[in-house]
Amino acid sequence: MSDNEGDQGPKSTFSTYMAEGDQLYQKGEYVKAIESYSTALILQPDDKNCLVARSKCYVKMGDSGNALRDAEASLKEDKEFFKGLYQKAEALYTMGDFEFALVFYHRGHKLRPELQEFRLGIQKAQEAIDNSVGSPSSVKLENKGDLSFFHKADEVKKGRPKGLIHPLRREMRQQNQKTPKSEKTAKQLLGELYSDKEYLEKLLKDEDLVKGKMRDGERLQDLILNCITYLDTRTEFWRQQKPIYARERDRKLMQQKWNKTRQNPPSDPTRFVLKSLEEIDAALTAGNAESSLKKAREVLKSVQCWSEEVVPNKKEVLGNLHSCIGNALIDLGKMDRALDNHLKDLDLARQCKLPEAKSRALDNVGRVYARIGKFPQAIDAWEEKIPLASGGLERTWLFHEIGRCYLELKRHTEARDYGVRSLAVADEIADEKWQLNACVLVAQSEMKLGNFKSGVAHFERALDRAKVLQDDPARDAIQKALREARQHL
């Protein structure tokens, strides 16, 4: 097997990758969730629900630019798609464009007044604007019957009320009017980053330096200005989000926590391992797989040299590190090396009789095998995991994935049976998304087995779930399959 195997096309269906992304999102594994959603979008590039789901991941990771792009793409065909409206408002809010976020919170609230999310969005955006401009009256909304919205763009350009001018943009136009008070505020908000901002501003005054260019052709002056603008944007966002006194309190609490941490000697291996695992996970979550991989390998090398007297649960720690390395390698597309590390994690979990670690390792081993099209091996791993699965969501996902593998292998009876098990658990936990996925799996299997009446019945139920979820692509695909299935009756 070569490292290039990870670059092959999607091996499963859109709904499977979508559901996998949903599960990873709920676990807080946003980088992996984005990977699953992106794979799903290869199959259905314009699926608005998938675009919204990926946008939510970007918001969680602080990548508001990509979050906004996905949210706007979800509204391309349907300007009143309420999930897209809410996600666009969330992305704008994260970017610090509170006024425009408020527009879309209002628009969504007008369309779906029963949803609490829009009411809370209006409230938090209004509070942020109040913190920014000082008075609610400065934000002028008009009621045109079907929508509350700001003045049209051309009217804003001609004579926008002063209260609606974003403070940061006003500051950028008046760079020479900084006051000691504003500088003190910026220093408090930026903390250690303030010295970086001062250094960048000094560089900007070096006329010879700013004329230079980077290797890629980008002007140094543009790069420095972009960095300063980013820090200014963050300063304004933090100021509007939380008053200084609150940030001071949080800073003191963080300092107290840091002081307590420093009291423990660096030679404390337990603390070293725990802190390292947190850093490894944080790097992967932030999308920096290379950094996560490098750190995990360094820590693995250190722990391997220690005796079990130093680390009593040495094998458990090594298993965790192999799992981290494997996950980073998956993100980098190096599937054979990823599999090798997840198998080492599995071997250590079996040696130590650790059920949770074994469940984790089997989960990851199955994922890698399924990604590279080795469905029998994926089935073996996931079937061994069944007794270890905890919670309805994990079980309905697991039964569904095993069933999909059997369907790929044209073992339709086993595929149907696992689809039925997945559907039963989805019904227990009343999860409409997994009811949809399981019904489609059962329907496809029944049609292959010649049980057309049962196949049509399950397609009809899947169609109902798609309508409830407002999943238009799924609805269209199921309607097409249903028309074909009914021809066999």
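Here are some worked exercises on the salt bridges, nonpolar cores and internal spaces of this predicted model.

**Exercise 1. Find the partner of Lys-27 in a salt bridge, and decide whether each of the two residues is buried or partly exposed.**

Step 1. Start from the side chain of Lys-27: it forms a salt bridge with Asp-363, with 3.9 Å between the closest N and O atoms. The cut-off for such a pair is 4 Å.

Step 2. Place both ends in the chain. Lys-27 sits in the loop between helix 1 (14-26) and helix 2 (30-43), while Asp-363 belongs to helix 19 (residues 355-371). The pair links distant parts of the chain, 336 residues apart.

Step 3. Turn to accessibility, where buried means under 20% and exposed over 50%. Lys-27 has 43% relative accessibility, so this residue counts as partly exposed. Asp-363 has 6%, and therefore counts as buried.

**Exercise 2. Which residue pairs with Glu-35 in a salt bridge, and which helices does the pair link?**

Step 1. The partner is Arg-371, and the closest N and O atoms are 2.7 Å apart.

Step 2. Glu-35 lies in helix 2 and Arg-371 in helix 19, again 336 residues apart.

Step 3. Check the accessibility of both ends. Glu-35 is partly exposed at 23%, and Arg-371 is partly exposed at 21%.

**Exercise 3. Work out what the salt bridge of Arg-350 ties together, then place Glu-35 in its network of salt bridges.**

Step 1. Arg-350 forms a salt bridge with Glu-384, and their closest N and O atoms are 2.7 Å apart.

Step 2. Arg-350 is part of helix 18 (residues 335-352) and Glu-384 is part of helix 20 (residues 375-385), so the bridge ties together parts 34 residues apart in sequence.

Step 3. Both ends are partly exposed: Arg-350 has a relative accessible area of 40%, and Glu-384 has one of 29%.

Step 4. Now for the network. Glu-20, Lys-27, Glu-35, Asp-363, Arg-367 and Arg-371 are joined into one network by salt bridges that share partners. For the wider count, the structure holds 28 salt bridges.

**Exercise 4. Describe the largest nonpolar core, and list what Trp-382 touches beyond its neighbours in sequence.**

Step 1. A general tendency helps here: in soluble globular proteins, nonpolar side chains tend to be buried together.

Step 2. The largest nonpolar core has 52 residues, and the ones with the most contacts inside it are Val-303, Leu-321, Trp-382, Leu-398 and Ile-402. Helix 17 (residues 314-331) supplies the largest share of this core, eight residues.

Step 3. Set aside the neighbours of Trp-382 within four places in sequence. Its contacts are then Leu-362, Asp-363, Gly-366, Arg-367, Ala-370, Trp-397, Leu-398, Glu-401, Ile-402 and Cys-405.

Step 4. Another core lies apart from the largest one; it has 39 residues, including Cys-57, Ala-67, Leu-85 and Ile-129.

**Exercise 5. Characterise the largest pocket by volume, lining and residue class.**

Step 1. The largest pocket holds about 750 Å³ of space.

Step 2. Its lining has 27 residues, and Asp-22, Val-52, Ala-53, Lys-56 and Lys-83 lie nearest the centre. Helix 1, helix 3 (48-61), helix 5 (82-95), helix 7 (116-133) and helix 23 (432-449) are the elements that give two or more residues to this lining.

Step 3. Sorted by class, the pocket lining has 14 nonpolar, four polar and nine charged residues.

**Exercise 6. Which helix gives the most residues to the lining of the largest cavity, and which to that of the second largest?**

Step 1. Searching the whole structure gives four cavities of 30 Å³ or more.

Step 2. The largest cavity holds about 150 Å³. It has 14 lining residues, with Ser-12, Thr-16, Ala-370, Trp-382 and Glu-401 nearest its centre. Helix 21 gives the most, four residues. By class, this lining has five nonpolar, two polar and seven charged residues.

Step 3. The second largest cavity has a volume of about 100 Å³. Among its lining residues are Glu-20, Glu-35, Arg-367 and Arg-371, which also belong to the salt-bridge network of Exercise 3. Here helix 19 gives the most, with four residues. The classes are four nonpolar, three polar and five charged.

Terms used
Residues numbered from 1 in each chain as written. Predicted model: local features only at pLDDT ≥ 70, side-chain atom pairs only at ≥ 80, totals over all residues. Heavy atoms only, no water. Buried < 20%, exposed > 50% of the residue type's maximum accessible area, 1.4 Å probe, protein only. Core = buried A, V, L, I, M, F, W, Y, C linked by side-chain atoms within 4.5 Å. Contact = heavy atoms within 4.5 Å. 1 Å grid on protein atoms, 1.4 Å probe; cavity = no way out; pocket = protein on both sides within 12 Å on 5 of 7 lines; lining within 4 Å. Points joined across faces, edges and corners; volume = space filled by probe spheres on them. Nonpolar A, V, L, I, M, F, W, Y, C, P; charged D, E, K, R; others polar.
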